[in-house]
Amino acid sequence: MKFEGIPGVELKPIETLETKENDGNFFRVEFVKKIKEVYQEGDLDRLDEFKKMTEHSDNILEHIIKKRFNKDDWRSMFLRLIRYAKNGNPNSMNEFVSVLKDYAIEADRLYLKAKKEVKVYRKEFIAEAKALLNNLGNYDIKKVEHIVNNIQVDFYVPILDSTYKGSYSNNHSIDLSIDSALYPSELRSILFHELLHSLSPDFERVFDIGEDSGFKEGISQQITGLSMSGLDVDRFVWLNEAVTESLAVEMAYGSSGGPAGYVKNIDLLGLFLKKKKLDSNLNFDLIAKTYFRYLKKRDDTDETPVDEWRNFSKEFDKAFGPRFLVKLDRFIEKEGIEKALEVVGKWKVGRPMLEDLTI
Ligand SMILES: [Zn+2]
């Protein structure tokens, strides 16, 4: 595997949403739970509870019908379910239960399939990570194996939120959305993406990245790969996701490419690598090394992971000007990533126009 610029893979956009805190997703998770309870325990009183839940979520139900169910069998199944839930006609009770059974059977089928596949993909990820890290330098492969083998993977069958693909949480667990539409290849690359997050440090440490950064010296920040959160502000999330997804796509599909999330993030990073000042050492290799800095084997004389971050940050400054990453972050926060793409796209190679990103 070679890192020269952004890996030259072809990207086919998929929507990706990693948060679990939006209403749609909360509702989806609750919905699956309720359906399973109703089906497994046969307790029809719970149907009223379910009905109440759907009454509060008309907009979400509309969303399902319009956007989610493009497969005829599933669409009609859920239309029946929704019709029942909204009208609560007692005569459709049997129909409702039969829909739940159909759903539960399908959900179980997908769950068992995904569980088997994740077992295989986990091994494949370790092999790919080994190859990648051996190519980058001297990294702790045992630590990689330990982290990846111990991570807990849970599954949800998506119903309401088709954009939810997976999430990594700092208690060393991953949630994967399983959906027949995601098979066969996406589940693998989404798992790879989340496993890459798990290889990033996720503990707190004191880290000063400058008085203008939104962080204060002496305050603990949580670090995930290239992103940091602390106080009220998250920093460099766009960059962390761009790098995570670039690596995941490269590891999952090789240079032939495949479905990718965070395509705009990846495009933006690609633009920066192209338009940087010509004497800068900034490249994807350096970025990948910084990303994996907590896995590096070090002796006492080596620089620390924090030194490595500082050097990386300095290279960004050399390529684009002082405090560039923070300025860019603020710009993206305010104007959005599309606007950043538009502005940076107009820069001449080797001549970044920093004032364009001033807000
Ligand atoms: Zn991610």
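Phe324, Leu328, Asp329 and Ile332 are the buried residues of helix 12 in this predicted model. Viewed along the axis of helix 12, the buried residues lie within an arc of 130°, so they line one face of the helix. Further points concern the surroundings of this helix and an open sheet of three strands.

**Helix 12: extent and packing**

- Helix 12 comprises 12 residues, 324-335.
- From the first C-alpha to the last, helix 12 reaches 16 Å, close to the 16 Å expected at 1.5 Å a residue.
- The partners against which the buried residues of helix 12 pack include three helices, namely helix 8 (237-253), helix 11 (305-320) and helix 13 (337-345).
- Strand 8 (233-235) also packs against the buried residues of helix 12.
- Gly336 follows helix 12 and has a positive phi, near 90°.

**The three-stranded sheet**

- The strand order in this open sheet is 2-4-3, and the pairing is mixed.
- Strand 2 (152-156) and strand 3 (166-169) occupy the edges; each has a single partner strand, so one side of each is left without a neighbour in the sheet.
- On average, neighbouring strands of the sheet are turned by 15° against each other, direction ignored.

**Pairing of strands 3 and 4**

- Four bridges join strand 3 to strand 4 (residues 173-177), and the two strands pair in the antiparallel sense.
- Ser167 stands opposite Asp175, a residue in strand 4.

Terms used
Residues are numbered from 1 along each chain as its sequence is written. This is a predicted model: local features need pLDDT of at least 70, side-chain atom pairs count only at pLDDT 80 or more; totals for chains, interfaces and linings use all residues. Two strands pair if DSSP finds at least two bridges between them. Axes are lines fitted to C-alpha atoms, for helices over the stretch in contact, and angles run from 0 to 180 degrees between N-to-C directions. The expected span of a helix is 1.5 Å times one less than its number of residues. A residue is buried if 20 or more other C-beta atoms lie within 10 Å of its own, exposed if 12 or fewer, and partly exposed in between; C-beta atoms are placed from the backbone. The arc is that of the directions from the helix axis to the C-beta atoms. Two residues are in contact if their C-beta atoms, placed from the backbone, lie within 7 Å.
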